[in-house]
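Take a first look at the fold below. Then read on for a short tour of its parts.

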Amino acid sequence: MIQFQTKTKKDLLKAYKAFFFYYFYFIIYLVNNLVGVVMQYVIIIFSIVSIDQIVKFFIEKNIKLYESIPIISNILYFTHVHNKGAAFSILWNQRIFFLILSSITFVIMFFLIFFTNIEVKYKYSICIILSGALGNFIDRLFKGYVIDFIDFRIWPIFNVADIFISIGSILMIILFITERRDKELVNRK
């Protein structure tokens, strides 16, 4: 078991911030300097899944189950919980259902990314969604639950993978809306 010797929780947060800064810098460097779009998709997926799993590992090793640590007092807490359901803990204890559904979804997403001619911008958003889904799939497959910890107290507790699923979904919606708007503008001319 890994134990980190820090004087305060602020030291731990500073260490996390430094790690992520250099990690993202390295990933951006790789993406910009490697040839081939396919490799960029692989790097994006690997990077997001790695970030998610590393953060969950640190949470699991440093915060006891159901323990809550204030990060920004009265606003943001890290609260370690196990989620055996889907988003907002719906469909509790349906692990096999989620594993099968996720596997089917992954096959479809991999096909869309690597074997279709859809625009690259859509493939990036699919990569982001797929990465978040893979992060939660790994937890569900090997642990039987998903580790959630980001707690705003006014919203259900969630994790890094959920953030990326949301970002990818929002990006996809924005892309659809802007593309539709652009087509309407072209048709008016």
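What follows moves from the whole chain to the sheet, the helices and a few single residues.

**The model and the chain**

This is a predicted model, in which local features need pLDDT of at least 70, side-chain atom pairs count only at pLDDT 80 or more, and totals for chains, interfaces and linings use all residues. Residues are numbered from 1 along each chain as its sequence is written, and side-chain values use heavy atoms, with hydrogens and water left out.

The protein chain holds 5 helices and 3 strands. Helices (H or I, at least four residues) and strands (E, at least two) are DSSP runs, numbered from the N terminus. Along the sequence, the pattern reads α-α-β-β-α-α-β-α. The protein chain has 189 residues, and 39% of them count as buried. Buried means under 20% relative accessible area, exposed means over 50%, and partly exposed lies in between, with a 1.4 Å probe and protein chains only. Among contacts in the protein chain with a separation of 6 or more, 63% join residues 24 or more positions apart. Contact means heavy atoms within 4.5 Å.

**The sheet**

The 3 strands form an open sheet in the order β1-β2-β3, and their pairing is antiparallel. Strands β1 (68-72) and β3 (146-151) are the edges, each pairing on one side only. From one strand to the next, the twist averages 30°. Two strands pair if DSSP finds at least two bridges between them. Strand β2 (residues 76-83) is joined to β1 by 4 bridges. Across this pair, I72 stands opposite L76 of β2. On the other side, 5 bridges link β2 and β3, again antiparallel. Here N83 faces V146 of β3.

How well is β3 covered? It is mostly covered: 6 of its 6 residues are buried.

V81 belongs to strand β2. Its relative accessibility is 15%, so V81 counts as buried. Leaving out residues up to four places away in sequence, V81 touches L65, Y66, V146, I147, D148 and I157. V81 and D151 lie 70 residues apart in sequence, yet their C-alpha atoms are 9.9 Å apart in space.

**The helices**

Helix α4 (residues 120-143) has 24 residues. From first C-alpha to last, α4 reaches 34 Å, close to the 34 Å expected at 1.5 Å a residue. The expected span is 1.5 Å times one less than the number of residues. After α4 comes G144, with a positive phi near 90°.

How do α3 and α4 meet? The axes of helix α3 (residues 95-114) and α4 come within 10 Å and cross at roughly 155°. Axes are lines fitted to C-alpha atoms, for helices over the stretch in contact, and angles run from 0 to 180 degrees between N-to-C directions. The two helices are therefore roughly antiparallel to each other; angles over 145 degrees count as such. The contact draws on residues of α3 including F98, F106 and F110, and on residues of α4 including I126, L130 and F137.

**Single residues**

Three residues outside the sheet show some exposure to varying degrees. 

| Residue | Place | Relative accessible area | State |
|---|---|---|---|
| N74 | loop between β1 and β2 | 66% | exposed |
| R153 | loop between β3 and α5 (160-188) | 46% | partly exposed |
| K143 | helix α4 | 32% | partly exposed |

Most residues other than glycine have a negative phi, and most peptide bonds are trans. N74 has a positive phi, near 65°. R153 also has a positive phi, near 70°.

K143 touches E60 and I138, not counting residues up to four places away in sequence. K143 and H82 are 61 residues apart in sequence and 9.6 Å apart in space, C-alpha to C-alpha.

How values were computed. Angles under 35 degrees count as roughly parallel, over 145 as roughly antiparallel, 65 to 115 as roughly perpendicular and the rest as oblique.
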